[in-house]
Amino acid sequence: MDVTVVGSGPNGLAAAVVCARAGLAVQVIEAQPTFGGGARTVADPEFPGVRHDICSAVHPLALASPFFAAFDLPARGVSLVSPSVSYANPLPGRPGAIAYRDFDRTCTELPDGRGWRRLLGPLVEHPEAVVGFLLGDKRSLPSGPATVARLGLRMLWQGTRAWNARLADEDARALFTGVAAHTISTMPSLTSAGAGMLLATLAHTVGWPIPAGGSQAIVEALLADLRAHGGSAHADTEVTAPPEGVVLYDTAPTALLDIYRHRLPGRYANALRRYTFGAAVTKVDFVLSGEIPWSDPRLASAPTLHLGGDRVQMARAESAVAAGRHAAEPMVLAALPHLTDPGRVDAAGRRPLWTYAHVPADSPTDQTDAVSAVFERFAPGFRDVVVATRCTPAARMADHNANYVGGDIGVGANDAWRALAGPTPRANPWATPLPGIYLCSAATPPGAGVHGMAGYYAARTVLRREFGIRELPALAP
């Protein structure tokens, strides 16, 4: 075996696909009974016709990332439907704010559309430069330097306490804060502003698609390509001792401490022991009998929602979580996949509602009532359409993905410095001091998200350093 990949998340599978297409013998080893890491879909235990996404549910990066763009998921039969509404923010006591895929329509409907246009217009005109920089390896010269400069300026606009100066109305402020909150960090910050710029730009370009059948469809396409090029994948197999040959770890970097123990150089081992994970999520899945009774009926067409109130309320909730406290009204991210994929509705009309509530790390608290209350705030009568609930507290998120230490779905990577330097400061953040041992998880640049780029960059390093292969293989079907 030339290469072993430990972990079968999108980054691990991306690395495996690249290496297998380069002609190497590749195997993937996964501790869980099923493959996919943060991109898995499972049947509800009581209503098997309803399928829940275990972690990620909405995938703008599945269309936009350079790896997936080259891999071409649609050509492999993965249906990625981008709705006309990319996302929406319900607002207390008034109609919600909506980000349409149509940028002009969004600007027209916002009270101060000029501010939204000024903030995102130059980025929407050149999304490839935005994606290339924010999903780049941070070690190559970016393309589109003028757009990158504009991006940097806008990150400063929305990453400091002066973040209200460039957005005059509460609707626009809420729209941006909702996407910035995906980092689960204090706001404003450069980290949250960078994520917000990327996600908001994609909302008005490729859109925010939901894969037909669930996130598992992306994983199955990657596995099929791996096997077509001679690779193998083994589930329900935990790695407790070092595999032979070259190994890429799609794991939290701290996993190396248990696997390699005394073999790790002291300085590197100490750096891993100091590695910190971030705030967390509690997952609450609902089974609904019908549509949510929104106070603002326009929200009925929004598959993705950010439920945290206005900018001040969202920032207050995220600050509480960062300080280790549960927010009185937590920031909740939600998705209704059946709005783009009618196949997610079972024969009795039941459908899934996917939600994350932002909570302190290691929280053992069941957030079902808190999340239900957030929905009731914007949709009185919500509880009347709830058939069943399934909660996974932050303290148990690692049960189905060991990378989610304490419930941190970003694997400690939602930090601007980590996105640049990696888990420990190294010239090549995908390499470790151990010969033939590499990291390819979200803990390495460019950070969290279902984009496959960390795996792609790690595989590029492996091919060059270990096998002398400098020309990367084509990825198209």
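Colleague: Which residues of α1 are called buried, and what makes a residue earn that word?
Modeller: In this predicted model, the list runs Pro10, Asn11, Gly12, Leu13, Ala14, Ala15, Ala16, Val17, Val18, Cys19, Ala20 and Arg21. Buried means under 20% relative accessible area, exposed means over 50%, and partly exposed lies in between (1.4 Å probe, protein chains only). Twelve of the twelve residues of α1 are buried, and the helix is mostly covered. As for ground rules, local features need pLDDT of at least 70, side-chain atom pairs count only at pLDDT 80 or more, and totals for chains, interfaces and linings use all residues. Residues are numbered from 1 along each chain as its sequence is written, while side-chain values use heavy atoms and leave out hydrogens and water.

Colleague: What covers the buried residues of α1?
Modeller: Contact means heavy atoms within 4.5 Å. The cover includes β1 (3-6), β2 (26-29), α3 (66-71), α10 (216-228), β10 (246-249) and α16 (453-467). Those names follow DSSP runs numbered from the N terminus: helices are H or I with at least four residues, strands are E with at least two.

Colleague: How do you know that the span of α1 agrees with what its twelve residues should give?
Modeller: The expected span is 1.5 Å times one less than the number of residues. For α1 that gives 16 Å, and its end C-alpha atoms are 16 Å apart, so the two agree. Gly23 follows this helix with a positive phi, near 95°.

Colleague: What makes a set of residues a nonpolar core, and which helix gives the most to the largest one?
Modeller: Its members are buried Ala, Val, Leu, Ile, Met, Phe, Trp, Tyr and Cys residues joined through side-chain atoms within 4.5 Å. The largest such core has 99 residues, and Trp116 and Tyr87 are among those with the most contacts inside it. Helix α1 gives the most to this core, with eight residues. A second, separate core of 26 residues includes Phe286, Ile292, Leu336 and Ala379. Leaving aside neighbours within four places in sequence, Trp116 is in contact with Tyr87, Phe103, Leu167 and His204, among others.

Colleague: Why is Ser56 called buried?
Modeller: Its relative accessibility is 12%, so Ser56 counts as buried. Ser56 sits in the loop between β4 (51-53) and α2 (61-64). Beyond four places in sequence, its contacts include Gly38, Ser215, Trp354 and Val450.

Colleague: How far is the backbone oxygen of Gly38 from a polar atom of the Ser56 side chain, and what makes a pair a polar contact?
Modeller: The distance is 2.7 Å. A polar contact is a pair of N or O atoms within 3.5 Å; within protein, one must be able to donate a hydrogen and the other to accept it, and residues adjacent in sequence count only if both atoms are side-chain atoms.

Colleague: What caps the N-terminal end of α13?
Modeller: Asp310 does, with a side-chain oxygen 3.2 Å from the backbone nitrogen of Val312. Helix α13 (residues 311-322) reaches 16 Å from first C-alpha to last, close to the 16 Å expected. Just after α13, Gly324 takes a positive phi of about 90°.

Colleague: How many helices and strands are there, and why is the protein called as compact as a globular one of its length?
Modeller: There are 16 helices and 16 strands. The radius of gyration, taken over C-alpha atoms, is set against the globule rule, 2.2 Å times the number of residues to the power 0.38. The protein has 21 Å, close to the 23 Å that the rule gives for 477 residues, so it is as compact as a globular protein of that length.
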